[in-house]
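Colleague: Hey, can you walk me through this one? I'm new to it, so plain words please.

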Amino acid sequence: MLDLDELLGRASLKERIDELEAENERLQEQYEAESDRRAEAATAKQEAQERANRLEDRIAQLEGELERLEDDGDDPGLEFRRSEELRGGRLDEVLERLRSVRTEPEGALTAVVEDGIEPMDAVL
């Protein structure tokens with residue numbers, strides 16, 4: 001028995017319509033997946049830009065603090081930690097320790113020797 005669609009030649013058209021609808025559905029899913037990827041990429045880009053802006057702000061803040069320290073003339077690296085007067089055996093111990101230090105010029109130690117004490121050549 002012949003189908004009316006086959007008789008009228010519409011069967012091949014119905015098959016083609018089914019194929020096109022399946023392709024249309026596949027393309028729609030592909031489009032939605034691509035839209036999702038683009039949205040995620042845009043979000044990631046925005047987050048990266050925000051992080052870069054925060055880092056730039058932090059750099060500017062640190063540069064400002066450094067500039068203020070330089071302008072004030074305050075250099076925390078040049079402050080005395082403590083001052084101590086030495087006499088007797090303690091003076092001998094410290095002088096012996098200073099004599100034993102070996103380093104390149106401007107290496108590890110800065111010492112101030114007041115008047116009345118003969119500095120050794122290594123300290124000069």
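Modeller: Sure, let's begin with burial: just 4% of the 124 residues in the protein chain count as buried. Keep in mind that this is a predicted model.

Colleague: And how much accessible surface does the protein chain have?

Modeller: About 12,000 Å², and carbon and sulfur atoms account for 49% of that.

Colleague: OK, what about helices and strands, how many of each does the chain have?

Modeller: There are 3 helices and 0 strands. Going along the sequence, the pattern reads α-α-α.

Colleague: What's the average pLDDT of the chain?

Modeller: The mean is 81, and 72% of the residues reach at least 70.

Colleague: Which elements have the lowest and highest mean pLDDT?

Modeller: Helix α1, residues 4-8, is the lowest with a mean of 67. Helix α2, residues 11-72, is the highest at 92.

Colleague: Switching topic: how many salt bridges are there?

Modeller: The count is 7. One of them pairs R38 with E34, where the closest N and O atoms sit 3.7 Å apart.

Colleague: Where do R38 and E34 lie relative to each other?

Modeller: Both are in helix α2, 4 residues apart, so about one helical turn separates them. As a rule, an α-helix has 3.6 residues a turn, so residues three or four places apart point the same way.

Colleague: Are those two buried or exposed?

Modeller: R38 is exposed, at 60% relative accessible area. E34 is partly exposed, at 32%.

Colleague: Got another salt bridge for me?

Modeller: E85 and R87 form one, with 3.2 Å between the closest N and O atoms. E85 is exposed at 66% relative accessibility, and R87 is exposed too, at 61%.

Colleague: Why would side chains like these pair up at all?

Modeller: In general, side chains of opposite charge can pair when their charged atoms come close.

Colleague: Let's move to helix α3. Which residues there meet in a salt bridge?

Modeller: E93 and R90 do, at 3.9 Å from N to O. Both belong to helix α3, which covers residues 88-100, and they are 3 residues apart, about one turn of the helix. Going back to the other end of the topic, shared salt-bridge partners link E34, R37 and R38 into one network.

Colleague: How accessible are E93 and R90?

Modeller: Each is partly exposed: E93 has 46% relative accessibility, and R90 has 35%.

Colleague: What span should α3 have, and what does the model give?

Modeller: At 1.5 Å a residue, its 13 residues should span 18 Å. The end C-alpha atoms of α3 are 19 Å apart, which agrees.

Colleague: Last one: which residues of α3 are buried?

Modeller: V94, L95 and L98. Looking down the axis of α3, the buried residues fall within an arc of 100°, so they line one face of the helix.

Colleague: Nice, can you boil that down for my notes?

Modeller: Here goes: the chain has 3 helices and 0 strands, 4% of its residues are buried, and the salt bridges number 7. For α3, jot down V94, L95 and L98 as the buried residues.

Technical notes:
Residues are numbered from 1 along each chain as its sequence is written. This is a predicted model: local features need pLDDT of at least 70, side-chain atom pairs count only at pLDDT 80 or more; totals for chains, interfaces and linings use all residues. Side-chain values use heavy atoms; hydrogens and water are left out. Helices (H or I, at least four residues) and strands (E, at least two) are DSSP runs, numbered from the N terminus. Buried means under 20% relative accessible area, exposed over 50%, partly exposed in between (1.4 Å probe, protein chains only). Accessible areas come from the Shrake-Rupley method with a 1.4 Å probe; for residues, only the protein chains shown count as cover. pLDDT is the predictor's confidence in each residue, from 0 to 100. A salt bridge is a side-chain nitrogen of Lys or Arg within 4 Å of a carboxyl oxygen of Asp or Glu. The expected span of a helix is 1.5 Å times one less than its number of residues. The arc is that of the directions from the helix axis to the C-beta atoms.
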